[in-house]
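Colleague: Please take a close look at one part of this model, the place where a chain reversal is made. Then work outward from there to the rest of the fold and its pockets.

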Amino acid sequence: FLSHIKTADAILHVVRAFVQDDIVHVEGGVDPERDIKIVEEELVMADIALVDKHRVQEKSRARNTNDQEAVILADVLERVWHAMRDEHVMARDLSLTQEEKELLRPYDFLTLKPVLFVVNVEAGEDGDHEAWSKRLGRPAIAVAVRDEAELFTIDDPHEREEMRVGLGLRITLDDLIATSRDLLQLVTFYTFGAGVSKAWSVPCGTTAWQAAGMIHTDFLET
């Protein structure tokens, strides 16, 4: 499980909030906060072990070289290690500068990744994102996943939309994708040519010239 999400840019965590007697919960009952805590404790434990390994290496490198970057990195790793081990604080909740985050990026710390909770609710309960975000303390989007999945078995888009209205569903897969892109701070860059139009995802703040260079590596900034 951890190896699959280690290289991801963000974590999308689906958490159950609906009650249905014929679908047994492994923990014996529905409790979104408890389920989130269980998963996040696993992520923290994995990160603590990783930080502990690298902080020792970087402390040694900082002592034995005049590399200022190694000194800064050793300090950051030490702070992260103490915060997670002693205060049970995840890396993303620390007041890290952008420079410090960039230094930590190669380690792929799980608790440094942005997270979005997808709260799996009953039909008619979707859309209350603000309440769920406040309750969980993280960005959250409430989706009736079962009904949304059933809708995608209908090929005709008009019939699908009629069914959506009939079920009272307010949130679509497109809403989830848009929210995820906001979490990753991505915008869309469009290219047109030879009768082909394509959409590319690039970070917010990327210039047109930089975006072109990401798509065509022979475009060099001058």
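Modeller: Alanine 194 has a positive phi near 50° in the hairpin of S4 and S5, where two residues lie between the strands. The model is a predicted one: local features require pLDDT of at least 70 and side-chain atom pairs count only at pLDDT 80 or more, while totals for chains, interfaces and linings use all residues. Residues are numbered from 1 along each chain as its sequence is written, and side-chain values use heavy atoms, with hydrogens and water left out.

The strands of the hairpin are S4 (residues 186–193) and S5 (residues 196–203), which pair in the antiparallel sense over eight bridges. Strands here are DSSP runs of E with at least two residues, helices are DSSP runs of H or I with at least four, and both are numbered from the N terminus. Two strands count as paired if DSSP finds at least two bridges between them. Within the hairpin, tyrosine 190 has alanine 199 of S5 as its bridge partner.

A further set of strands forms an open sheet: three strands, in the order S1-S2-S3, with parallel pairing. S1 (11–16) and S3 (140–143) are at the edges with a single partner strand each, so one side of each has no neighbour in the sheet. On average, neighbouring strands of this sheet are turned by 25° against each other, direction ignored; such angles run from 0 to 180 degrees between N-to-C directions, with axes fitted to C-alpha atoms, for helices over the stretch in contact. S1 and S2 (residues 115–120) run parallel and are joined by six bridges. Valine 15 has valine 119 in S2 as its bridge partner.

Helices pack on this sheet. H2 lies across S1 and S2, at about 145° to S1. H5 (residues 129–136) touches S2 and S3, and its direction makes about 125° with that of S3. Contact means heavy atoms within 4.5 Å. H2 and H5 are also linked by side chains: arginine 135 and glutamate 33 form a salt bridge of 2.5 Å, N to O (a side-chain nitrogen of Lys or Arg within 4 Å of a carboxyl oxygen of Asp or Glu). Arginine 135 is in H5 and glutamate 33 in H2, so the pair ties together parts that are 102 residues apart in sequence. The structure holds 13 salt bridges.

That leaves the pockets. A pocket is an open set of points on a 1 Å grid over the protein atoms alone, where a 1.4 Å probe fits, with protein on both sides within 12 Å along at least five of seven lines; lining residues have an atom within 4 Å of a point. Volume is the space filled by probe spheres set on the points, which are joined across faces, edges and corners. The largest pocket has about 760 Å³. It is lined by 21 residues, and Asp9, Arg105, Leu112, Lys113 and Pro114 are the closest to its centre. H4 (98–104) and H8 (173–184) are the elements that give two or more residues to this lining, and the largest share, four residues, comes from H4. The second largest pocket holds about 150 Å³. H2 (32–64) and H3 (68–86) each give two or more residues to the lining of the second largest pocket, with the largest share, five residues, from H2.
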